[in-house]
Amino acid sequence: MSRHVVVVGGGPAGTAAAESALRHGATVTLIDSNEALGGQYNRRIPAAYGVRQPLAIGHGYAAAARRARLLIEHPRCEYLSWASVYQIERHLEGGCPAVRLLIGVEGDRRAHRVVQGDALVLATGAYDRVCPFPGWDLPGVYTAGAAQTLAKTQRLLVGKSVLLSGTGPFLLPVAQSLADNGARVQAVLEANPGRRIAKQWAARPWELRHSAAKAAELIEYLACGVRHRIPLRTSRAVVAVSGDGRVEEATVARLDESWTPIPGSHITVPVDAVAVSHGFTPQHELAVAAGAKLTPDGFVQVDGNQQTSVECVWAAGEITGIGGAQVSVIEGTVAGLAAAGAASDRALRTRHRTAEQFVTRLATAHPIRSGVLTWSRPDTVICRCEGTTCGELTAAWSRAAGESYRSAKLATRAGLGPCQGRMCAANIEALRDRPYADSATPTTGLAAAGPAWRPLAAPVRLRELAELDEGQS
């Protein structure tokens with residue numbers, strides 16, 4: 001009997017999981033919150049613009065388009081676009097959790113739907129993490145992902161003169177997206193030391209033998225930097241921005257190994273925009289609602305088949321560890337196979353092991369260091385929704401005397417605004433008096449906040465809740 005696999009997420013991991021499950025006889029319901037499949041990695045200009053031959057910024061568009069056509073046209077696949085999953089309903093008697101969703105564009109009248117299958121694959125992705133610094137709440141400071149999205153889908157530039165700052169290879173394709181669209185990218189600033197990055201990537205090269213595509217992409221990005229004369233500086237970061245009502249200049253400093261700015265190294269650079277990414281935060285609200293366990297660094301814990309701690313729930317892509325689109329496709333393929341009741345062959349298992357090694361290598365080469373906490377002043381806003389400052393949170397943690405993250409939130413309202421801590425939870429937790437057991441503890445990031453289970457995992461209007469039939473409420 002054919003299994004019904006429900007996949008949440010239309011990016012590389014979700015579409016690969018859906019395709020894999022279909023190829024092994026399953027019936028699939030694919031739920032995506034966007035207008036078209038592809039996720040952040042393969043975003044395009046919206047169809048409503050009527051562009052006949054839209055340019056594709058990035059890689060993998062041909063493969064993504066082929067997979068999208070297969071899924072949309074497949075007789076055993078139901079594809080739901082503009083579908084927002086707002087609740088996971090666990091059943092006390094066991095069985096696969098049901099997903100509650102709203103279908104339609106936010107602001108219009110949306111239709112309620114409940115979907116339950118034999119297996120659930122979560123591929124909800126991740127979003128940029130930004131470590132606060134003075135002025136980061138000024139207009140003109142963007143996440144790197146937002147800058148890339150505007151370039152891909154609107155052909156809009158966040159500024160004419162832009163600085164990119166943060167850590168990780170994601171900064172390079174963003175620089176390419178901006179430069180190829182006409183922006184003057186002043187520099188790409190990587191906070192970690194170049195020698196550390198080179199040492200981590202050069203170690204055990206045989207583990208990267210299946211990552212030739214990644215190496216080719218890196219060469220392309222570096223060539224773009226040479227072509228557009230974009231300097232790549234390591235051990236440097238934007239540690240403050242200033243301006244009259246919007247960004248007018250950025251303060252750049254050299255950093256030591258712990259990311260503490262080196263005295264006397266500060267310079268100011270005139271810019272009209274700064275794009276920042278200090279890694280990514282997994283979008284694991286649905287996984288938490290389903291009861292899945294998380295790793296110490298906040299990602300969804302999975303086994304060799306991408307299965308979570310919940311019996312019939314799998315997870316794939318960036319919510320299980322940051323590795324990029326190619327890794328997400330491999331993980332999605334493994335998850336889709338397992339959810340359909342099939343087993344991976346030897347070649348896929350080898351590629352899967354290589355993908356896991358790449359994720360580990362990336363986290364080790366580009367960690368966030370504790371010195372980032374010295375960038376904020378007492379009046380630096382940490383929670384932008386509620387306007388809570390670094391000084392207020394530091395005082396709250398001192399009064400809490402090591403108590404839970406919840407205590408600091410209730411004392412300051414930090415993390416209780418519209419974003420529900422998505423942008424600030426990790427930064428709030430990092431301000432705890434002693435975020436590490438000792439200074440020698442190796443970390444891939446600042447302390448991750450323990451996520452709270454919430455009845456609603458996405459914004460829902462009260463009117464929409466009121467419209468629920470009595471039998472659904």
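**View 1. Gly 25 and the end of helix H1 in the predicted model.** Gly 25 follows H1 and has a positive phi, near 90°. The helix before it, H1, covers residues 12–23. From its first C-alpha to its last, H1 reaches 16 Å, close to the 16 Å expected at 1.5 Å a residue for its 12 residues.

**View 2. Surroundings of helix H1.** H1 is largely enclosed by the rest of the structure, because 11 of its 12 residues are buried. The buried residues run from Pro 12, Ala 13, Gly 14 and Thr 15 through Ala 16, Ala 17, Ala 18 and Glu 19 to Ser 20, Ala 21 and Leu 22. They pack against four strands and two helices: strands S1 (4–8), S2 (27–31), S3 (77–80) and S7 (119–122), together with helices H2 (61–73) and H8 (325–339).

**View 3. The crossing of helices H1 and H8.** The two axes come within 7 Å and cross at roughly 35°, and the crossing is right-handed. On the H1 side, the residues that meet H8 are Pro 12, Ala 13, Ala 16, Ala 17, Ser 20 and Ala 21. Their partners in H8 are Ala 325, Ser 328, Val 329, Gly 332, Thr 333, Gly 336 and Leu 337. By class, this contact has eight nonpolar and five polar residues, and no charged ones. An α-helix has 3.6 residues a turn, so residues three or four places apart point the same way.

**View 4. The largest nonpolar core.** This core has 48 residues. Val 5, Val 28, Ile 31, Val 99 and Leu 120 have the most contacts inside it. H1 gives the most to this core, with five residues. A second, separate core has 27 residues, including Ala 187, Val 241, Leu 255 and Trp 375.

**View 5. Contacts of Val 99.** Neighbours within four places in sequence are left aside here. Val 99 is then in contact with Val 6, Ile 31, Val 85, Gln 87 and Ile 88, and also with Arg 113, Val 114, Val 115 and Leu 120. Two of these partners, Ile 31 and Leu 120, are listed with Val 99 among the residues with the most contacts inside the largest nonpolar core.

**View 6. Gln 87 in strand S4.** Strand S4 spans residues 83–89 and holds Gln 87. With neighbours within four places in sequence left aside, Gln 87 is in contact with Ala 98, Val 99, Arg 100, Pro 455 and Leu 456. The C-alpha atoms of Gln 87 and Leu 286 are separated by 7.3 Å, although the two residues are 199 residues apart along the chain.

Note on methods
Residues are numbered from 1 along each chain as its sequence is written. This is a predicted model: local features need pLDDT of at least 70, side-chain atom pairs count only at pLDDT 80 or more; totals for chains, interfaces and linings use all residues. Side-chain values use heavy atoms; hydrogens and water are left out. Contact means heavy atoms within 4.5 Å. The expected span of a helix is 1.5 Å times one less than its number of residues. Buried means under 20% relative accessible area, exposed over 50%, partly exposed in between (1.4 Å probe, protein chains only). Axes are lines fitted to C-alpha atoms, for helices over the stretch in contact, and angles run from 0 to 180 degrees between N-to-C directions. A crossing is left-handed if the near helix is turned anticlockwise from the far one by less than a right angle, and right-handed if clockwise. Ala, Val, Leu, Ile, Met, Phe, Trp, Tyr, Cys and Pro count as nonpolar, Asp, Glu, Lys and Arg as charged, and the others, Gly among them, as polar. A nonpolar core is a set of buried Ala, Val, Leu, Ile, Met, Phe, Trp, Tyr and Cys residues joined through side-chain atoms within 4.5 Å.
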